[in-house]
Amino acid sequence: MDFLSRYDLLGAFWVTVRLTVFSAIGSLVWGTVLAGMRVSPVPVMRAFGTAYVNLVRNTPLTLIILGTSLGLYSTLGLALADETSGTFLKDNNFRLAVLGFVAYTSTFVCESLRSGINTVPVGQAEAARALGLRFSQTLWIVVLPQAFRAVIAPLASVLIALTKNTTVASAIGVAEASLLMSEMIENEADKLFLIFLAIAAGFVVLTLPTGLFLGWVAKKVAVKR
Amino acid sequence: MSAPSVLYDAPGPKARARNVVYTVAFSLVLLGAAWFVVSGLNEEGQLDAELWKPFVADSRIWTEFLLPGLGTTLEAAAAAILIALPVGAIFGIARLSDHAWVRALAGALVEFFRAIPVLVLMIFCDRFYYLFTDISPDNRTFWAVVTALVLYNGSVLAEVVRAGILSLPRGQTEASLALGLRKTQTMTLILLPQAVTAMLPAIVSQLVVVLKDTAIGGAMLTLPDLLSQYKLIANNYNNTIPTLIVIAALYIVINTILTQLAGRLERRLSRRNRPPAGVREDHIERQDVHLAETKTGEASGA
């Protein structure tokens, strides 16, 4: 077992956690904006929201992540870190990966939220309109808070999927858990099962409590109807 | 109702003017983003006709790279879903078993494989086959990818099947047992066929997930799938960005067709449970097959 201490397992999983947290926050914000666009009174926004979700959701995540590196950075020259700093490559790839995860995961957040909006009784929005609230007020003050409470469980599934999807960042060389696993397997060919179990255990530790905790929260805050 | 949505009133003169402002502002932002991308690509010469010409002028780019790659992607996805279906059904049923230890074992396995990234499973399977079997290297990656996809999607489908069986009215089991059918017969003859029909849309959308996940094998292992062709094509024609765009378009077209199919199946199946025209709905005992709300696991896989 002591060969494990020669590798920075915790460090690799810390990168996984950071990828997950930053991408989750970004996807939640951008996904909410997308959901707002898809139900908005402005046709151009509705069309953009629909087109964006349908295009991005049907593209493999691997292709999106490769696209951020080969397309956004190499071709369009969009650098997300200070090019003169010593850790430029590492920081830039990390941030490009987060950008890719946000672009992809937000489509699932948007779709969950949209189905959540559908669970809010029609009377709520009607009452809000009768009070003279504008669309943005109706959505932000009345409908979305109730919708969010209804979609915690689906959003938890999205978050868990995101945690696992962060492994795809190794396609552009982000040093997260799966990249370390490849390296370990390369060096310690005879310990395949131990390595697999160690990495698997790491992901179980990350995803299982998240699922259980958010499942509990979902029950706690569910709107009783 | 005249309003197009319950969230906002039918626009009056003021709201219409405001919507025009929003439309113009938002269009400008979109155009700005589009200009950044197009001008950037143009500066790098990525929009030059000669980089795009091979896709229409040179049939070899299709016959030697894109179509074989697409074939491998579809083969891997088809093999994975075809094997994952029975595996999922077995584990879904096992999770409903009357024996506690069978339930616990199946539950633990399903939860385990659902918690692990497909990429980690792929790396493991590839190395496992390399060490312990003598499959030729060409086939090894393919079967490693398929095995990983089966393990993951089998456990997702197990949950789908379980939810499908649980959503059936209790009377189905009771009637079947009252007729003298055994537990196995009840499951295979009465419950499973109904559950699988009700779960068909979820299964088709899982196919989209599988198809997208094969791309992981293309990028990280050496599976010669559709995505991995971009390296070979770029080597020959020196057009990475156009190739990636064409490959993305191919994936989007196939997955959109599958998504539409799933939506159509769902609408068709939900029609089945509606009472015939003219019958007052409250006289029919409604059975709720919450297709839309059924937890289909991580529908958002890579």
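Start by selecting residues 13-214 of chain A, where UniProt, in an unreviewed entry, places the feature "domain: ABC transmembrane type-1". As you look around, keep in mind that this is a predicted model. Colour the selection by secondary structure: the span is 80% helix and 0% strand. Now pick its two end C-alpha atoms, and you will find them 21 Å apart.

**Stop 1: the whole of chain A**

Widen the selection to chain A as a whole. Nine helices and zero strands are there to be found, so to follow the chain from the N terminus is to read α-α-α-α-α-α-α-α-α. Turn the chain about and you can get a feel for its extent: along the principal axes, the C-alpha trace spans about 70 × 45 × 30 Å.

**Stop 2: two helices within chain A**

Next, show residues 152-165 of chain A, which form helix α7, together with residues 192-221, which form helix α9. Their axes lie 9 Å apart, and the two helices pack at an angle of about 170°. An angle over 145° counts as roughly antiparallel, and α7(A) and α9(A) are therefore roughly antiparallel to each other.

Turn on side chains to see who meets whom. From α7(A), the residues in the contact include A:Ile152, A:Ala156, A:Leu159 and A:Ile160. Facing them from α9(A) are several residues, among them A:Phe203, A:Leu206, A:Leu214 and A:Val221. Coloured by class, the residues of this contact come out as 11 nonpolar, five polar and one charged.

**Stop 3: over to chain B**

Now move to chain B, which is divided into domain 1 (1-30) and domain 2 (49-272). Give each domain its own colour; their centres, taken over C-alpha atoms, are separated by 42 Å.

Within chain B, select residues 70-262. UniProt lists "domain: ABC transmembrane type-1" for this span, again from an unreviewed entry. Here the chain is 85% helix and 0% strand, with the end C-alpha atoms 21 Å apart.

UniProt also has "transmembrane region" features for chain B in an unreviewed entry, including residues 20-38, 108-130 and 189-211. Try two of these. Residues 108-130 are 91% helix and 0% strand, and their end C-alpha atoms lie 27 Å apart. Residues 189-211 are 100% helix, with 31 Å between the end C-alpha atoms.

**Stop 4: where the chains meet**

Show both chains together. How many residues does each chain bring to the contact? Chain A gives 54 residues and chain B gives 49. On the side of chain A, the elements that supply two or more residues include α2 (43-57), α4 (88-119), α6 (135-150) and α8 (177-187), along with α7 and α9 from Stop 2. By class, this side of chain A has 33 nonpolar, 18 polar and three charged residues.

**Stop 5: one helix from each chain**

To finish, isolate α3(A), residues 61-75, and helix α11 of chain B, residues 240-272. The two axes come within 11 Å and cross at roughly 150°. α3(A) and α11(B) are therefore roughly antiparallel to each other, and their crossing is left-handed.

Which residues make this contact? On α3(A), they are A:Leu63, A:Gly67, A:Leu70, A:Gly71 and A:Thr75. On α11(B), look for B:Thr240, B:Ile241, B:Leu244, B:Ile247, B:Ala248 and B:Tyr251. The contact divides into seven nonpolar and four polar residues, with no charged ones.

Terms used:
Residues numbered from 1 in each chain as written. Chains lettered and ligands numbered in written order. Axes fitted to C-alpha atoms, helices over the stretch in contact; angles between N-to-C directions. Helix = DSSP H or I, 4+ residues; strand = E, 2+ residues; numbered from the N terminus. Parallel < 35°, antiparallel > 145°, perpendicular 65-115°, else oblique. Contact = placed C-beta atoms within 7 Å. Nonpolar A, V, L, I, M, F, W, Y, C, P; charged D, E, K, R; others polar. Domains from an automatic or database assignment. UniProt positions renumbered as here; feature names shortened; annotations may be inferred. Left-handed = near helix turned anticlockwise from the far one by under 90°.
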